[in-house]
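Trainee: I am new to this structure and would like to find my way around it. Could we go through it together, one question at a time?

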Amino acid sequence: MHGIDEETWLAFLDGEAAPGVEGHLRWCVECAETVEQLRALRGTLLAEARRLRDAAGISEARMEQMLDACLEQLACDREWTPQQATYLLRSLLEPFCGAGAAKTITELTIRKSASQGFDPAGWRLFVGNLSRNVESICGIATGRLIARAGFSLSVGSA
Amino acid sequence: MLHRPEAMNRALWVFCALAAISGGMGGFWLRQPNVAPWMAPFYTTRNLVPAAAYALALFFCFTVKADYPADSRMRFAWSLMQASCAFAVFRYLIDWIAVRWKDSIDPDLISLRQIPIAVTLILLTGSLVAMWTSFTAIGLGTRFRKLDLLGFAATAACVPFVFSLWEGMADSRSSYAFIRYVQSASPILLAAPALVALALHRISHEMGEGTLTYSLRLLAVSLVLRLASLWIGSSAVGREPYYSALTLALNSASAWIFVQAIFKRWCLTVQASNLAERYRRDPNHEIAELSRSLR
């Protein structure tokens, strides 16, 4: 978003120093407002979680379980941007063929498929092409894995 | 054990160590038979060790080959690899027969073993070249560094050296002229797969850490070790008992490192199949897990 990659945004929101983001927020009203809203939401959620835990006396393990379920639900319901979804598929591929090969295969597929754009139909085409390219190097099993994961992701426009 | 790849991995390394030790003892006995006569069986049975290794590699090759689309270059590469392993088993069994009954078999008949040896190496080189072209098709392995060129030069330099010693090789006095030619070409046939394996090693560095990467690196190590063992064995020092032991130890270990390389590639198929099955059963849970692991 606005020339800043998602990882940097996430790191900044987690409290890490990100001079690029801080500089951007000084002049970008839209992003500054979004960050404010996210911080407020985070504060409310933390306060609410504290209140619930204190009231119900929930154990740490149970809390962890609830958090997992919550994150899972968020992941199911959310709509991924093409960049996020591509990053997820690349990460899935890395343990099998290495980060360098995963990057090369993904970029090659993006070059082949980008003309279609990344609407849902374009995403399906991209996943199909990526799966085929992965198959040619890592085999059908890995290609099938990429296809299953890719088609399970709900991807919206960037 | 095949359902527990970790245990299989450990077992293969143990076999590799045992193969190196038994090969070493066999090599020592070859030059010093009177010092330790009890080591004789290690020499006479030494060819059964790589035969077992290549039989196991052949088994893994079936699964790996089936994991590639019918018209792909990788499938062709693994078909050649499979054929190469099959010929290697055959070749080592013949070698074992030749050593075990060397006094009762016609040496010219034994010298025919050069045919499966050459076929094994040609198929292996073809397989590695097909693999390399699969990687270059996606843009990997097209650029080499100075260190790679040095590796290529060192490997190629072994050829004229070993070639100069071919008259001392086992079948160089065969009465079949074509066997003598095949034998004289053996340094080139051994160096060729090692050279291509070095190119695959460069690709493994471009790929980054992953299961396929380990497979390629082990393949390169195995083939370079095999060439090194031939180089040491052919040189004058190869007649010294300890160097002779080192030669056969490296040779025996290289076969099991080769199995490790194929096994790693087999593991990739198994791991991907298991994970794909998990994605089929519960894709949302798996995606949540993946996105959480990236946070």
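Mentor: Gladly! One term to begin with: two residues are in contact when they have heavy atoms within 4.5 Å of each other. Please also keep in mind that this is a predicted model.

Trainee: Thanks! Leaving aside neighbours within four places in sequence, which residue of chain A is in contact with F135(B)?

Mentor: Let us set aside the neighbours within four places in sequence. From chain B, the contacts of F135(B) are then M74(B), L140(B), L200(B), I203(B), M207(B), L212(B) and L216(B). The contact from chain A is I137(A).

Trainee: Which helix gives the largest share of the largest nonpolar core?

Mentor: That core has 82 residues, and F135(B) is one of those with the most contacts inside it. Others in that group include L153(A), W78(B) and F258(B). The largest share of the core is 16 residues, and they come from helix 11 of chain B.

Trainee: What kinds of elements does chain A have, and how many?

Mentor: Read from the N terminus on, the elements of chain A run α-α-α-α-α-α-α-α. The tally for chain A is 0 strands and 8 helices.

Trainee: What percentage of the residues in chain A is buried?

Mentor: A residue counts as buried when its relative accessible area is under 20%. Chain A has 158 residues. Of these, the buried residues make up 38%.

Trainee: And what part of the exposed area of chain A do carbon and sulfur atoms supply?

Mentor: The area that chain A exposes is about 8900 Å². Carbon and sulfur atoms supply 55% of that.

Trainee: How many aromatic pairs are there over all chains, and what class does the pair of F60(B) and W266(B) fall into?

Mentor: Searching the whole structure gives 13 aromatic pairs over all chains. In the pair of F60(B) and W266(B), the ring centres are 5.1 Å apart and the planes lie at 50 degrees. Planes under 30 degrees apart would count as stacked and over 60 as edge-to-face, so this pair is tilted.

Trainee: How many residues apart in sequence are the parts that this pair ties together?

Mentor: F60(B) belongs to helix 3 of chain B, residues 48-66, and W266(B) to helix 11 of chain B, residues 241-281. The pair therefore ties together parts whose separation in sequence is 206 residues.

Trainee: Are F60(B) and W266(B) buried or exposed?

Mentor: F60(B) has a relative accessible area of 0%, and W266(B) has 6%. Values under 20% count as buried, so F60(B) is buried and W266(B) is also buried.

Trainee: Which residues make up the cluster that ring pairs link together around them?

Mentor: Two members are the pair we just met, F60(B) and W266(B). Ring pairs link them into a cluster with F59(B) and F263(B).

Trainee: What about W96(B) and W101(B): what class is their pair?

Mentor: W96(B) is partly exposed at 22% relative accessibility, and W101(B) is partly exposed at 38%. Their ring centres are 5.6 Å apart and their planes stand at 75 degrees, so the pair is edge-to-face.

Trainee: Which residue lies over the face of W101(B)?

Mentor: For W101(B), look 5.1 Å from the ring centre. The residue lying over its face there is R100(B).

Trainee: How many disulfides are there over all chains?

Mentor: Two sulfur atoms must be within 2.5 Å to count as a disulfide. The sulfur of C97(A) is 4.0 Å from the closest cysteine sulfur, in C138(A), which is too far for a bond. The sulfur of C85(B) is 4.1 Å from its closest, in C61(B), again too far. Over all chains the count is 0.

Trainee: Where is I140(A), and which residues of chain B does I140(A) touch?

Mentor: I140(A) is in helix 8 of chain A, residues 140-152, and is partly exposed at 22% relative accessibility. Not counting residues up to four places away in sequence, I140(A) touches E135(A) in chain A. In chain B the residues touched are A66(B), D67(B), Y68(B) and P69(B).

How values were computed: Residues numbered from 1 in each chain as written. Chains lettered and ligands numbered in written order. Predicted model: local features only at pLDDT ≥ 70, side-chain atom pairs only at ≥ 80, totals over all residues. Heavy atoms only, no water. Phe/Tyr/Trp six-rings, centres within 6.5 Å; stacked < 30°, edge-to-face > 60°. Helix = DSSP H or I, 4+ residues; strand = E, 2+ residues; numbered from the N terminus. Buried < 20%, exposed > 50% of the residue type's maximum accessible area, 1.4 Å probe, protein only. Lys NZ or Arg CZ within 6 Å of the ring centre and 35° of its normal. Areas by Shrake-Rupley, 256 points an atom, 1.4 Å probe, with all protein chains shown as cover. Core = buried A, V, L, I, M, F, W, Y, C linked by side-chain atoms within 4.5 Å.
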